[in-house]
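Colleague: Before I trust the labels in this description, I would like to go through the terms and see what stands behind each of them.

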Amino acid sequence: MATKFELSDLIRTEHFIDGKWVASISGKRFDVTNPATGEVIATIADGGEADARAATDAAARAFPAWRDALPKDRAAVLHRWHALMLENADVLGRLISLEQGKPFAEGRGEVLYGASYVAWFADEATRIYGDLIPQQQRGKRMSAVKEPVGVVAAITPWNFPLAMIARKIAPALAVGCTVVGKPAEDTPLTALALVMLAHEAGVPPGVLNLIASSRESAVPAVADWLHDGRVRKITFTGSTPVGKYLARESAETLKKLSLELGGNAPFIVFDDADLDAAVDGLLVSKFRNGGQTCVCPNRVYVQTSVYEKFGDMLAKRVAALKVAPATDSAAQIGPMINARAVDKIARHVDDAVSKGARALTGGKRLTALGPNYYAPTVLADATSEMQLSCEETFGPVVPLFRFEDEAEAIHAANDTPFGLASYFYSQDVRRIDRVSRQLEAGIVGINEGAISSEAAPFGGVKESGYGREGSKYGLDDYLSIKYLCQGGLD
Ligand code: ADP
């Protein structure tokens, strides 16, 4: 019994706590703007500490009944939520484009991608097994069962306003946890719309609570969750400094943490690669969401003998990318999320050029389109002295680094504190095996640029964080193991 909504129905301007839409206790509000134009889309409730506390109160009250619900009943609610997301994919896609700026086709694609996690975890909800431990002593039975950890706080970024929160809420609800959430200040509307659909799908009051906060209010709101012993887990996607802060601040109550942080992904093109395939893979992985994803290649290493040829092939394709607002159906790259983001891109490119990089295409802002646009850029002669080699640019910029041999490429790729995604192109089976083993990353794309899937474990190593989202492993972060030891049985 699904329902199709209009955009105006889905734009919610209050917090969702205990099954109701409520204003902030402080009465404060903040503006959400369209990054393509700077226009205000909506003025919404600005949640602080007291609102965060109210959300935790509701989630803690709702936990026992949701934990004890039959897995198949939780699964049925998630399947209804999934159906509503699909039925409203167009309008949700438009909402994503409106507040985040990505082209409509990508916005709609994100809805399907986010929804795929909901369907996946709906199915997984019914497959959470424990173990009967082989008997060790007569008269004693030992078993291990998996239980939901309790109230989960989900904090998400702006680059995938639907998918990031869906892939946190879905496994949490599937295993019987209840949720308090806070989306990014740039893009709270999609998350609020998603929660509205979850409510329509039958998620009971208190099981899923969402507050929106400006960047300023987010700090005390999230701090309340970090210090509240009832919140048993934090799941976060965002920057490494904020991830480390959450780990430090939550240490007092020793919560379980999943941190999906910055990437600085390497992309290596060996001289035995299929160069056409490598260019295709790089375009897919680099320019998705205008380069604003944590798995976007940030450093592209190309072997000397194919360096010039690869640079030319790539620059031709990148120069042809259509930059336009999401309202233009031909758009392939939209505006960057905000002024801070474009300034960082410009700073990285200017720094690289001042240190000897050559722009094969792009290298400038596109001010005629609006303040937040940057031209898709390919920079040749990049070196490790440049800022863009050690910091994520998070924009449509491809720096091409040169390397001589495999050992040098591996060393350069791993020479970073981060380890989320990595990619390489080669047709040599032995090299594929060697390089896959040596790359220090949670994800390796081998002759493939599109790595995300609900069936695969997504997550990093080193300072890219810990925990995995999606796949059969994605439930573990929301479960704890209880050991039962029953005596007196003989
Ligand atoms: P980005 O740089 O991409 O905005 P952030 O890590 O700053 O990434 O933001 C990711 C999420 O973390 C957002 O929801 C943001 O509001 C939240 N956030 C940022 N700083 C803090 C903080 N000090 N305390 C709590 N939440 C924060």
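Modeller: What follows takes the ligand and then the pockets. This is a predicted model, in which local features need pLDDT of at least 70 and side-chain atom pairs count only at pLDDT 80 or more, while totals for chains, interfaces and linings use all residues. Residues are numbered from 1 along each chain as its sequence is written, and side-chain values use heavy atoms, with hydrogens and water left out.

Colleague: What makes a residue part of the surroundings of the ligand, and which come nearest?

Modeller: A residue is near a molecule if one of its heavy atoms lies within 4 Å of it. There are 16 residues around the ligand, and T156, K182, E185, R215 and S239 come nearest. By class, this shell has 10 nonpolar, 3 polar and 3 charged residues, where Ala, Val, Leu, Ile, Met, Phe, Trp, Tyr, Cys and Pro count as nonpolar, Asp, Glu, Lys and Arg as charged, and the others, Gly among them, as polar.

Colleague: Why is the pair formed by the ligand and E185 called a polar contact?

Modeller: A polar contact is a pair of N or O atoms within 3.5 Å; within protein, one must be able to donate a hydrogen and the other to accept it, and residues adjacent in sequence count only if both atoms are side-chain atoms. An oxygen atom of the ligand lies 2.6 Å from an N or O atom in the side chain of E185, so the pair qualifies. For S239, an N or O atom of the side chain is likewise 2.6 Å from a ligand oxygen, and for T156 a polar backbone atom is 2.7 Å from one.

Colleague: How do you know that the ligand sits in the largest pocket?

Modeller: On a 1 Å grid over the protein atoms alone, a pocket is an open set of points where a 1.4 Å probe fits, with protein on both sides within 12 Å along at least five of seven lines, and lining residues have an atom within 4 Å of a point. A molecule sits in a pocket if more than half of its atoms lie within 2 Å of its grid points, and the ligand sits in the largest pocket by that criterion.

Colleague: How much space does the largest pocket hold, and which residues are closest to its centre?

Modeller: The largest pocket holds about 1,000 Å³, a volume being the space filled by probe spheres set on the points, which are joined across faces, edges and corners. Of its 38 lining residues, W158, R215, G238, S239 and V242 are the closest to the centre. The lining divides into 19 nonpolar, 11 polar and 8 charged residues.
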